[in-house]
Amino acid sequence: MLIDTHGRVATDLRVSLTDRCNLRCTYCMPEEGLRWLAKPGLLTDDEIVRLVGIAVRVLGVTEVRFTGGEPLLRPGLVGIVERVAALDPRPQMSLTTNGIGLRRTATALKAAGLDRVNVSLDTLRPDVFRTLTRRDRHQEVLDGIAAARAAGLSPVKVNSVLMPGLNEDEAPELLAWAVEHDYELRFIEQMPLDAQHGWKRESMVTAGDILASLRTRFELTPEAHGTRGSAPAERWLVNGGPHRVGVIASVTRPFCAACDRTRLTADGQIRTCLFAREETDLRAALRSSASDDEIARIWRLAMWGKKTGAGLDAPTFVQPDRPMSVIGG
Ligand code: SAM
Ligand code: SF4
């Protein structure tokens with residue numbers, strides 16, 4: 001097991017497949033100038049499958065989520081999914097994506113064994129999308145979301161980040177759209193993980209703001225008490241149900257005490273937390289012919305040292321050096 005000194009057990013592995021992206025969301029990347037990881041440093045498809053195999057067979061991981069950067073840009077994605085689906089025991093597998101290209105790949109991903117997707121969509125307004133992502137590709141994302149559902153990658157979850165002065169008034173509109181199309185919407189509080197270090201606590205849109213805005217149009221009732229478990233989203237029934245809306249309040253209502261995650265970056269580093277300032281190098285071990293048991297030992301040791309919490313609201317908080325797009329969101 002991947003257990004830490006606070007007794008938390010990590011069963012959910014987030015794997016970043018690339019740091020590259022075809023959008024430039026303002027809360028994530030600068031318009032230009034971000035240097036990509038060098039190719040030789042990236043894990044190969046074989047190395048990723050081997051590490052996921054160790055996590056699943058030896059370390060008790062039961063859920064694997066592929067992310068990035070934009071994971072659909074990884075040429076070997078379908079093959080990786082297929083090989084992870086063949087592991088015994090077979091983990092649950094999901095993908096977090098911006099949806100661009102999903103229209104073409106959703107069916108192949110489903111056939112390869114992918115269970116679910118989370119697609120990021122922050123706005124229903126094409127002009128706001130252009131400002132927020134610095135790219136004119138709104139329709140491709142909408143098409144990707146529809147294709148995911150048609151391919152049976154359900155439930156399709158949609159992630160939205162609200163940004164002050166851009167889409168902060170759009171929460172009710174997004175929820176009405178999600179309810180109409182039967183997508184499960186989750187708002188994510190903006191976190192200090194952008195490459196350009198532009199996050200400001202005093203101007204971010206908080207969970208409280210989001211809920212107040214939603215309540216101008218919907219009746220929200222908290223889902224049965226205690227169902228959050230290790231899931232980061234707190235959920236509410238919309239107008240009595242069955243539709244639900246979630247809010248991931250990493251800043252104002254952190255869920256560190258119940259965290260069950262371990263992370264692998266595209267260049268083979270283990271992170272115990274999105275906000276960790278240390279990483280543990282598994283790539284070096286992999287490339288120096290370490291055995292599965294030796295790699296598992298290094299991984300266990302890294303997780304044993306996981307900190308109590310991220311402390312985003314504390315005055316002493318220091319943003320990690322590597323941004324979300326490199327760590328894997
Ligand atoms: N490119 C894919 C996507 O956008 O879904 C996967 C990677 S992205 C880093 C994963 C998630 O992190 C997305 O839902 C994105 O909106 C979110 N994200 C990125 N930067 C963020 C930030 N600074 N605060 C909160 N969420 C962020
Ligand atoms: Fe790309 Fe996802 Fe970051 Fe947007 S949030 S720039 S889509 S990695």
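This passage describes the overall form, the ligand surroundings, the empty spaces and the backbone features of a predicted model. Local features were accepted at pLDDT of at least 70 and side-chain atom pairs at pLDDT 80 or more, whereas totals for chains, interfaces and linings use all residues, and side-chain values rest on heavy atoms, with hydrogens and water left out. Residues are numbered from 1 along each chain as its sequence is written, and chains are lettered from A and ligands numbered from 1 in the order in which they are written.

The secondary structure of the protein comprises 10 helices and 12 strands, taken as DSSP runs numbered from the N terminus (helices, H or I, at least four residues; strands, E, at least two). The radius of gyration of the protein, 19 Å, is close to the 20 Å given by the globule rule for 329 residues, so the protein is as compact as a globular protein of that length; the radius is taken over C-alpha atoms, and the rule is 2.2 Å times the number of residues to the power 0.38. Along the principal axes, the C-alpha atoms fill a box of roughly 60 × 45 × 45 Å.

Ligand 1 is surrounded by 18 residues, of which Y27, G69, E70, S120 and M191 come nearest; a residue is counted as near if one of its heavy atoms lies within 4 Å. Polar contacts are pairs of N or O atoms within 3.5 Å; within protein, one atom must be able to donate a hydrogen and the other to accept it, and residues adjacent in sequence count only if both atoms are side-chain atoms. A backbone N or O atom of Y27 lies 2.9 Å from a nitrogen atom of ligand 1, and a polar side-chain atom of E70 is placed 3.1 Å from a nitrogen atom of the ligand. The side chain of S120 has an N or O atom 2.6 Å from an oxygen atom of ligand 1. Of the 540 Å² that ligand 1 exposes when taken alone, the protein buries 95%, with accessible areas from the Shrake-Rupley method with a 1.4 Å probe and, for residues, only the protein chains shown counted as cover. Strands β3 (92-97) and β5 (157-161) are the elements that give two or more residues to this shell.

By class, the shell of ligand 1 has 6 nonpolar, 10 polar and 2 charged residues, where Ala, Val, Leu, Ile, Met, Phe, Trp, Tyr, Cys and Pro count as nonpolar, Asp, Glu, Lys and Arg as charged, and the others, Gly among them, as polar. Ligand 2 is surrounded by C21, L23, C25, C28, G69 and N98, a shell of 4 nonpolar, 2 polar and no charged residues.

Two cis peptide bonds are described here. The bond from D88 to P89 is cis, with omega near 5°, and P89 lies in the loop between α2 (77-85) and β3. A cis bond also joins S154 and P155, with omega about 0°, and P155 is found in the loop between α5 (138-150) and β5. In the loop between β6 (184-188) and α7 (207-214), H197 has a positive phi near 55°, although H197 is a residue other than glycine. Most residues other than glycine have a negative phi, and most peptide bonds are trans.The structure holds 1 cavity of 30 Å³ or more, a cavity being a set of points, on a 1 Å grid over the protein atoms alone, where a 1.4 Å probe fits but cannot get out, with volume as the space filled by probe spheres set on points joined across faces, edges and corners.

Technical notes. 1 Å grid on protein atoms, 1.4 Å probe; cavity = no way out; pocket = protein on both sides within 12 Å on 5 of 7 lines; lining within 4 Å.
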